[in-house]
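Please look over the sequence and the model below before reading on. The paragraphs that follow go through the domains, the contact between them, and a few individual residues.

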Amino acid sequence: MKAIVFSQPGLPISDKQALYQTEVPKPEYGERDLLVKIEAIAVNPVDTKVRHGDKPATPRILGWDACGRIEAVGRDVQLFKPGDYVYYAGSIARQGCYAEYGVVDERIAGHKPSSLDATHAAALPLTSITAWELLFDRLGAVENQEQGRSLLVIGAAGGVGSMLIQLASQLTQLRVIGTASRPETQDWVKALGADDVIDHSKPLKPQLATLGIENVDYVASLTHTDDYFNQIIDILIPQGKLALIDDPKVLDVMPMKRKALSLHWELMFTRPVFQTADMIRQHEILDRVATLIDNGQLRTTLSENFGLINADNLRRAHALLEQGQAKGKIVLAGFE
């Protein structure tokens with residue numbers, strides 16, 4: 001099958017060897033696995049991080065966002081059947097989805113939203129799971145509650161932020177404040193349901209004060225947490241909660257003690273990598289998101305379609321992600 005891979009980490013994305021197309025065997029599937037013929041994929045910052053990480057023993061297939069049709073299932077599969085359309089993020093411990101076929105454990109796949117085509121559905125899995133786990137599993141927000149409380153989302157225009165804004169505004173009574181620094185990204189965040197939008201390139205506290213907000217109950221920091229950390233501590237309410245998804249080089253948590261603040265790290269790959277007892281929760285999240293999409297409560301966060309799944313288009317997508325200028329999700333669909 002066709003696959004787009006990398007072999008040499010750290011190459012600039014302008015180098016054609018940074019991502020290149022090759023032929024690899026169709027993947028084998030296990031007892032609880034689905035063999036999926038991939039129709040569309042999305043790119044994520046984790047793709048670029050892995051590409052700059054350790055040298056793989058064999059060519060590595062990146063990509064952890066896909067939608068396609070099930071071609072075959074393992075003997076113990078109970079949730080799906082051949083012919084079903086699924087969407088999934090998968091596990092970082094396995095090969096990714098920049099390929100004609102992918103394999104995923106049924107417990108971390110969901111039924112594709114019936115109202116979306118594969119291209120629009122592929123934009124959803126990784127960010128939906130991340131945003132859902134961050135909001136409900138890490139911060140502990142409660143559906144249909146949280147009246148009088150507030151959530152600040154730093155870096156709200158990206159893929160995770162775009163889903164988090166929607167989930168918080170649709171499923172809780174939180175006052176949702178998103179940050180974005182450009183007019184187009186500010187408009188994007190507002191359109192997704194944020195009650196307020198402020199500029200993270202400027203001091204946060206004065207902007208919150210202008211909105212009549214002295215402190216916030218929850219902060220979801222999705223980018224450059226080390227740059228905003230002191231401001232976050234200052235604006236969080238005593239006993240407030242901070243959740244983050246990025247990788248700060250240094251994070252001194254001692255200043256959090258005086259306010260008894262709690263720190264939560266979200267990584268959606270944790271459940272599949274460690275095969276946790278509650279791993280099936282990711283299947284449940286994706287099926288719930290599909291229902292919310294089909295009911296019109298959530299919308300896809302696809303912002304750009306980069307065309308066919310090939311090395312040239314994937315290098316373009318990686319370049320845009322590395323510039324930090326993307327909003328929503330970049331999707332590719334179909335093979336030549």
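**Domains, their interface and selected residues**

Across the interface of domain 1 and domain 2 there are 5 salt bridges. The model is a predicted one, and the two domains in question are domain 1, made of residues 2-123 and 270-333, and domain 2, made of residues 131-266. Their C-alpha centres are 27 Å apart. To the contact, domain 1 contributes 18 residues and domain 2 contributes 22 residues.

About 1700 Å² is buried between domain 1 and domain 2, and carbon and sulfur atoms account for 52% of that area. On the domain 1 side, the residues that lose the most area to domain 2 are R299, T301 and K327; together they make up 30% of what that side buries.

Polar interactions can be counted as well. Between domain 1 and domain 2, 8 residue pairs are in polar contact, with both residues at pLDDT 80 or more. Two elements, α9 (281-294) and β15 (302-305), each provide at least two residues of the domain 1 side that touches domain 2. Of the elements on that side, α9 gives the most, with 6 residues. By residue class, the side of domain 1 that touches domain 2 consists of 5 nonpolar, 6 polar and 7 charged residues.

One salt bridge to look at is that of R271 with E133, where the closest N and O atoms are 2.7 Å apart. By the domain bounds, residue 271 falls in domain 1 and residue 133 in domain 2.

A second salt bridge to consider pairs E266 with R138, with 2.8 Å between the closest N and O atoms. E266 is in the loop between β14 (262-265) and α8 (270-274), while R138 is in helix α3; the pair links distant parts of the chain, 128 residues apart. How accessible are E266 and R138? E266 has a relative accessibility of 2% and counts as buried, whereas R138, at 22%, counts as partly exposed. Both residues belong to one network, in which salt bridges that share partners join E133, D137, R138, E266, R271, D278 and R281.

Helix α3 spans residues 125-138 and also holds S128. Is S128 buried or exposed? With a relative accessible area of 0%, S128 is buried. A polar atom of its side chain lies 2.7 Å from the backbone oxygen of L124. Apart from neighbours within four places in sequence, S128 is in contact with M163, L167, I285 and V289. Of these contacts, I285 and V289 fall within the residue range of α9 (281-294).

F229 is another buried residue, at 5% relative accessibility, and its place is in helix α7, residues 225-235. Which residues does F229 contact, leaving aside its neighbours within four places in sequence? They are L242, L251, D252, V253 and M256. One of them, D252, is 23 residues from F229 in sequence, and the C-alpha atoms of the two are 9.0 Å apart in space.

The count of salt bridges comes to 21. Two further examples join parts of the chain that are separated in sequence. In one, E71 pairs with K26, the closest N and O atoms being 3.1 Å apart. E71 lies in strand β5 (residues 66-73) and K26 in the loop between β2 (20-23) and β3 (33-43), so this salt bridge ties together parts 45 residues apart in sequence. E71 is partly exposed, with a relative accessible area of 32%, and K26 also counts as partly exposed, at 41% relative accessibility.

In the other, R94 forms a salt bridge with D33, and the closest N and O atoms are 2.8 Å apart. Why does this pair tie together parts that are 61 residues apart in sequence? R94 lies in the loop between β6 (85-88) and β7 (101-105), and D33 lies in strand β3, so the salt bridge spans that separation. R94 is partly exposed, with a relative accessible area of 31%, whereas D33 counts as buried, at 7% relative accessibility.

Definitions and conventions:
Residues numbered from 1 in each chain as written. Predicted model: local features only at pLDDT ≥ 70, side-chain atom pairs only at ≥ 80, totals over all residues. Heavy atoms only, no water. Domains from an automatic or database assignment. Contact = heavy atoms within 4.5 Å. Buried area = accessible area lost by both parts, 1.4 Å probe. Salt bridge = Lys/Arg side-chain N within 4 Å of Asp/Glu carboxyl O. Polar contact = N/O pair within 3.5 Å; in protein donor to acceptor, adjacent residues only side chain to side chain. Helix = DSSP H or I, 4+ residues; strand = E, 2+ residues; numbered from the N terminus. Nonpolar A, V, L, I, M, F, W, Y, C, P; charged D, E, K, R; others polar. Buried < 20%, exposed > 50% of the residue type's maximum accessible area, 1.4 Å probe, protein only.
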